[in-house]
Amino acid sequence: MSGKTPIDAPHLWLVLAKCHHALSHIAERSIKDTGLGLTDFAALEALLHKGPLSITEIQSKVPLALGSMTAAVDRLEEKGLILRTPSPEDRRAKILKLSPKGRSVVEAAFTRHAADLETVMAVLDLREKRQLHSLLKRVGLFAAAARAAPAASERT
């Protein structure tokens, strides 16, 4: 980077947006290459890493409309990748869990997806990855708190 490149907030936002766009493209292609759709992959990945969940719990981890999540769950159940079991706390609710076939499919897909992302992140050493993680988390938390606060135009 040249010494003349501005390091102001608008420029940082632009760099973050371009980076997000490029990484999203790679991540989406990686997921597509596993043979799963993005929604199906996200639901299966949530069950893999969080264990059995209700549709509502999956939806809180995977930002999708309820209809999209319900359709994904129906698709995954038809393919034999997940099982619906009654909730012990609420007779009306169902708990979703991976079937043995689903676990095998998502473990293989996630392993491949993670390897694809590691390849992209290989440009950073471990120290840089930790530093980037810390800085992005700090900015994200600050932005989330600022979003929750009234806008400057509302305060005046």
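## The largest pocket

In this predicted model, the largest pocket is lined by 23 residues. Those nearest its centre are Val15, Leu16, Cys19, Leu132 and Leu136. Helices α1, α5 and α6 (126-148) are the elements that give two or more residues to this lining. The greatest contribution is that of α1, with nine residues.

The volume of the largest pocket is about 970 Å³. Sorted by class, its lining comprises 17 nonpolar, four polar and two charged residues.

## The second largest pocket

The second largest pocket holds about 320 Å³ of space, and 16 residues line it. Ala27, Ile31, Leu38, Phe41 and His113 lie nearest the centre of this pocket. At least two lining residues come from each of α1, α2 and α5. The lining of the second largest pocket divides into 11 nonpolar, three polar and two charged residues.

Helices α1 and α5 thus recur: each is named for the largest pocket and again for the second largest pocket.

## Helix α5: length and faces

Helix α5 runs over residues 100-121 and contains 22 residues. At 1.5 Å a residue, α5 should span 32 Å, and the distance of 31 Å between its end C-alpha atoms therefore agrees with that expectation. Around the axis of α5, the buried residues cover an arc of only 70°, so they are on the same side of the helix. These residues are Gly102, Val106, Ala109 and His113.

The buried residues of α5 pack against three elements, namely α1 (9-33), α2 (38-50) and β3 (94-98). On the face turned away from this buried side, α5 carries the exposed residues Pro100, Ala108, Thr111 and Thr119.

## Three residues of α5

His113 lies in α5 and has a relative accessible area of 7%; because this is under the 20% cut-off, His113 counts as buried. Leaving aside neighbours within four places in sequence, His113 is in contact with Ala27, Ser30, Ile31 and Phe41. Of these contacts, Ala27, Ile31 and Phe41 are also listed, together with His113 itself, among the residues nearest the centre of the second largest pocket.

Arg103, also in helix α5, is partly exposed, with a relative accessible area of 35%. Beyond its neighbours within four places in sequence, Arg103 is in contact with Leu48 and Leu98. Arg103 and Phe41 are 62 residues apart in sequence, and their C-alpha atoms are 12 Å apart in space. Met121 has its place in α5 as well; its relative accessible area of 27% makes this residue partly exposed. With neighbours within four places in sequence left aside, the contacts of Met121 are Leu23 and Lys129. Although Met121 and Leu23 are separated by 98 residues in sequence, their C-alpha atoms are 9.6 Å apart.

## Helix α2

Helix α2 comprises 13 residues, and at 1.5 Å a residue these should span 18 Å. The end C-alpha atoms of α2 are 18 Å apart, which agrees with the expected span. The buried residues of α2 are Asp40, Phe41, Ala42, Ala43, Leu44, Ala46, Leu47 and Leu48. Among them, Phe41 is in contact with His113, and Leu48 is in contact with Arg103. Just after α2, Gly51 adopts a positive phi of about 85°.

How values were computed
Residues are numbered from 1 along each chain as its sequence is written. This is a predicted model: local features need pLDDT of at least 70, side-chain atom pairs count only at pLDDT 80 or more; totals for chains, interfaces and linings use all residues. Side-chain values use heavy atoms; hydrogens and water are left out. Helices (H or I, at least four residues) and strands (E, at least two) are DSSP runs, numbered from the N terminus. The expected span of a helix is 1.5 Å times one less than its number of residues. Buried means under 20% relative accessible area, exposed over 50%, partly exposed in between (1.4 Å probe, protein chains only). The arc is that of the directions from the helix axis to the C-beta atoms. Contact means heavy atoms within 4.5 Å. On a 1 Å grid over the protein atoms alone, a cavity is a set of points where a 1.4 Å probe fits but cannot get out, and a pocket is an open set with protein on both sides within 12 Å along at least five of seven lines; lining residues have an atom within 4 Å of a point. Grid points are joined across faces, edges and corners, and a volume is the space filled by probe spheres set on the points. Ala, Val, Leu, Ile, Met, Phe, Trp, Tyr, Cys and Pro count as nonpolar, Asp, Glu, Lys and Arg as charged, and the others, Gly among them, as polar.
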